[in-house]
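User: Could you take a close look at one part of this model for me? I would like to follow a single side chain and then see what surrounds it.

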Amino acid sequence: MSLSLDDEVRTAYTAVRADSDPTNWAVFKYDDSGKKIVVAGTGSDGYSGLIGHFQPEERAYAFYRVQTGDDLSTRAKFVFIAWVGEKVSPLKKARVSTDKAVVKEVVRVRCISASCFLVEIFSHPAALRDG
């Protein structure tokens with residue numbers, strides 16, 4: 001089965017990267033056929049908006065912008081997340097290892113890559129928090 005990316009994935013990725021755009025996250029999921037990755041959501045509400053898109057029965061990919069630094073110098077860092085919910089079948093879990101390579105053809109710039117399966121993993125990590 002060949003996986004493809006919807007054209008809007010690149011558009012959402014570009015928006016998250018742009019300094020002039022308030023969008024700071026984008027989530028990509030499989031369409032109903034399972035053969036195409038589409039944009040499931042974008043937002044400018046940071047971590048709290050992003051985390052709501054991760055469901056236990058789904059696979060998803062996210063690109064997240066984090067502002068770091070101090071009063072004198074701030075810079076953007078980017079996080080790529082491969083999400084595999086705890087209720088995803090073993091075969092679909094295994095597919096994520098190859099499917100994420102297709103997503104990374106567009107999502108090229110990143111500081112941190114993380115693979116996760118429980119929302120609780122993201123409950124307290126300072127590296128992924130806003131600001």
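Analyst: Happy to. Contact here means heavy atoms within 4.5 Å. The model is a predicted one. With that cut-off, and leaving aside neighbours within four places in sequence, Arg65 is in contact with Val16, Arg17, Ala18, Asp19, Thr23, Asn24, Ala76, Lys77 and Phe78. Arg65 is found in strand β4. Buried means under 20% relative accessible area, so Arg65, at 11%, counts as buried. Its charged partner is easy to find in the viewer: the side chain of Arg65 makes a polar contact with the side chain of Asp19, at 2.5 Å.

Two of the contacts of Arg65, Val16 and Arg17, belong to helix α1, which spans residues 7-17. At the N-terminal end of α1, Asp6 acts as a cap, with a side-chain oxygen 3.0 Å from the backbone nitrogen of Glu8. Within the helix, Val9, Ala12, Tyr13, Ala15 and Val16 are buried. These residues sit on the same side of α1, because they cover an arc of only 160° around the axis. What they pack against is β2 (25-30), β3 (36-43), β4 (59-69) and β5 (74-84), and β4 is the strand that holds Arg65.

Also in β4 is Phe63. Again leaving aside neighbours within four places in sequence, Phe63 is in contact with Tyr13, Val16, Arg17, Asn24, Trp25, Ala26, Phe28, Phe78, Val79, Val107 and Val109. In soluble globular proteins, nonpolar side chains tend to be buried together. Here the largest nonpolar core has 22 residues, and those with the most contacts inside it are Phe28, Ile37, Tyr61, Phe63, Val103 and Val107. Two or more residues of this core come from each of α1, β2, β4, β5 and α3. Apart from it lies another core, of 13 residues, including Val27, Leu50, Val79 and Trp83.

Helix α3 deserves a look as well. It covers residues 90-103, 14 in number, and reaches 20 Å from its first C-alpha to its last, close to the 20 Å expected at 1.5 Å a residue. The helix also has a kink of about 40°, centred on Ser97. Its buried residues are Val96, Asp99, Val102 and Val103, and what covers them includes β1 (4-5), β2, β3, β4 and β5. To return to where we began, β4 is thus among the elements that cover the buried residues of α3, and it is also among those that the buried residues of α1 pack against.

Methods. Residues are numbered from 1 along each chain as its sequence is written. This is a predicted model: local features need pLDDT of at least 70, side-chain atom pairs count only at pLDDT 80 or more; totals for chains, interfaces and linings use all residues. Side-chain values use heavy atoms; hydrogens and water are left out. Buried means under 20% relative accessible area, exposed over 50%, partly exposed in between (1.4 Å probe, protein chains only). Helices (H or I, at least four residues) and strands (E, at least two) are DSSP runs, numbered from the N terminus. The arc is that of the directions from the helix axis to the C-beta atoms. A polar contact is a pair of N or O atoms within 3.5 Å; within protein, one must be able to donate a hydrogen and the other to accept it, and residues adjacent in sequence count only if both atoms are side-chain atoms. The expected span of a helix is 1.5 Å times one less than its number of residues. The bend at a residue is the angle between axes fitted to the seven residues ending there and the seven starting there. A nonpolar core is a set of buried Ala, Val, Leu, Ile, Met, Phe, Trp, Tyr and Cys residues joined through side-chain atoms within 4.5 Å.
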